[in-house]
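Here's a quick walk through one protein, with an eye on its charged pairs, its strands and its surface. Have the model open while you read.

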Amino acid sequence: MTSPHDRLGEPIRTFDGRAAGRRAWTWLCLLSLASLALIPAAIVYLHDQVWWVGVPALLLSMGYAAAVGWIAGRDRPRVRNRVACLYTGGLSVTGPGGAADYTWDELESVTVSGRHSGPRVRWCFTVVADDGSVLRLEDDIPDVRTLGVAVAEEVTARIVPRHLAAVRARESVRLGPFTVDLDGVEKDGERLPWKAVDDVVISNGMVTVHACTGRMDLMAVASQMPDALAFAALCHRLRDLNESF
């Protein structure tokens, strides 16, 4: 049987969600027990009007219960978290649904989305493989943003040269709602020639083709656009290519 190490090359980093899950469950259990243990004492002392003991006990119990809710909302602990391993030649993920591994050449697209949840951003990277399978990297994997960005960069590095070759062969390439060719970029019937493109950026959840003064920007929601990073990189290459002529 071929091991992931044989297919994917040398290991770079392991993102083990099990340790983070165990810590979250440990704190939830300890704080829940502390909160429950204080309730009878608070009731007894309040009933006997021993306020200086009963009130602090009640407040502590409420505080521990609030901490339980905060940890549960922040970490969303699961019974079984996943483990992802990043390799020089690909990615493997092991979890409740089993194990899956992919070489970089087997991955076709990555869609990035981020949602604010209090002070945190919950990242989700939706990865589509060439066999049609879909892998979602979410916050049950620790430091998922670092992992997802590494995957997106590897996929981008492989698909941009293919798209660039197609455009140079006078073909049009469609990425999300945008169509790119040698002459410019288009979205919903609005077209910008490369000489009118000032920059292409991904910021605040949007993919924006900034136009030079006097033209309208082209925009799309990043979370609804596969390969937004590849689109931006391709546009920069084509704009530079156009300027060199």
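## A long-range salt bridge

Let's start with arginine 13 and aspartate 143, whose side chains meet in a salt bridge at 3.0 Å, N to O. This pair ties together distant parts of the chain, 130 residues apart. Arginine 13 sits in strand 1 (residues 11-16), while aspartate 143 is in the loop between strand 7 (134-137) and helix 4 (144-168). Keep in mind that you're looking at a predicted model.

How covered are the two ends? Arginine 13 has a relative accessible area of 39%, so it counts as partly exposed. Aspartate 143 is partly exposed too, because its relative accessibility is 39%.

## Other charged pairs

A search of the whole structure turns up nine salt bridges. One of them stays inside a helix: the side chains of arginine 158 and glutamate 154 meet at 2.8 Å, N to O. Why are they about one helical turn apart? Because they are four residues apart in helix 4. Arginine 158 is partly exposed, with 28% relative accessible area, and glutamate 154 is partly exposed at 26%.

Then there's arginine 191 with glutamate 186, a salt bridge at 3.2 Å, N to O. Arginine 191 has 31% relative accessibility, so it's partly exposed; glutamate 186, at 28%, is partly exposed as well. If you like networks, look at Arg7, Asp101 and Glu106, which are linked by salt bridges.

## The four-stranded sheet

Strand 1, home of arginine 13, also belongs to an open sheet of four strands. Their order is 1-2-3-4, and the pairing is antiparallel. Strand 1 and strand 4 (98-103) are the edge strands, each pairing on one side only. On average, neighbouring strands in this sheet are turned by 10° against each other, ignoring direction.

Zoom in on strands 3 and 4: they run antiparallel and are joined by six bridges. For a concrete example, threonine 94 has alanine 99 in strand 4 as its bridge partner.

## A buried serine

Serine 92 lives in strand 3 (residues 90-95). Is serine 92 buried or exposed? Its relative accessibility is 9%, so it counts as buried, the cut-off for that being under 20%.

What does serine 92 touch, leaving aside residues up to four places away in sequence? Its contacts are Leu8, Val83, Ala84, Cys85, Tyr87, Ala100 and Asp101. Asp101 is a name you've already met, as a member of the salt-bridge network with Arg7 and Glu106.

## A nonpolar patch

Over on the surface, Trp51, Val55, Leu58, Leu59 and Met62 form a nonpolar patch. Together they have about 500 Å² of accessible area. Tryptophan 51 is in helix 3, which covers residues 51-75.

## The whole protein

Stepping back, the protein has five helices and 14 strands. It has 245 residues, and 37% of them count as buried. Take the contacts with a separation of 6 or more: 52% of those come from residues 24 or more positions apart.

As for the outside, the accessible surface of the protein comes to about 13900 Å². Carbon and sulfur atoms make up 56% of that area.

Conventions
Residues are numbered from 1 along each chain as its sequence is written. This is a predicted model: local features need pLDDT of at least 70, side-chain atom pairs count only at pLDDT 80 or more; totals for chains, interfaces and linings use all residues. Side-chain values use heavy atoms; hydrogens and water are left out. Patches are made of residues with over 30% relative accessible area and no salt bridge: like charges are joined within 9 Å, nonpolar side chains (Val, Leu, Ile, Met, Phe, Trp, Tyr) within 5 Å. Accessible areas come from the Shrake-Rupley method with a 1.4 Å probe; for residues, only the protein chains shown count as cover. A salt bridge is a side-chain nitrogen of Lys or Arg within 4 Å of a carboxyl oxygen of Asp or Glu. Helices (H or I, at least four residues) and strands (E, at least two) are DSSP runs, numbered from the N terminus. Buried means under 20% relative accessible area, exposed over 50%, partly exposed in between (1.4 Å probe, protein chains only). Contact means heavy atoms within 4.5 Å. Two strands pair if DSSP finds at least two bridges between them. Axes are lines fitted to C-alpha atoms, for helices over the stretch in contact, and angles run from 0 to 180 degrees between N-to-C directions.
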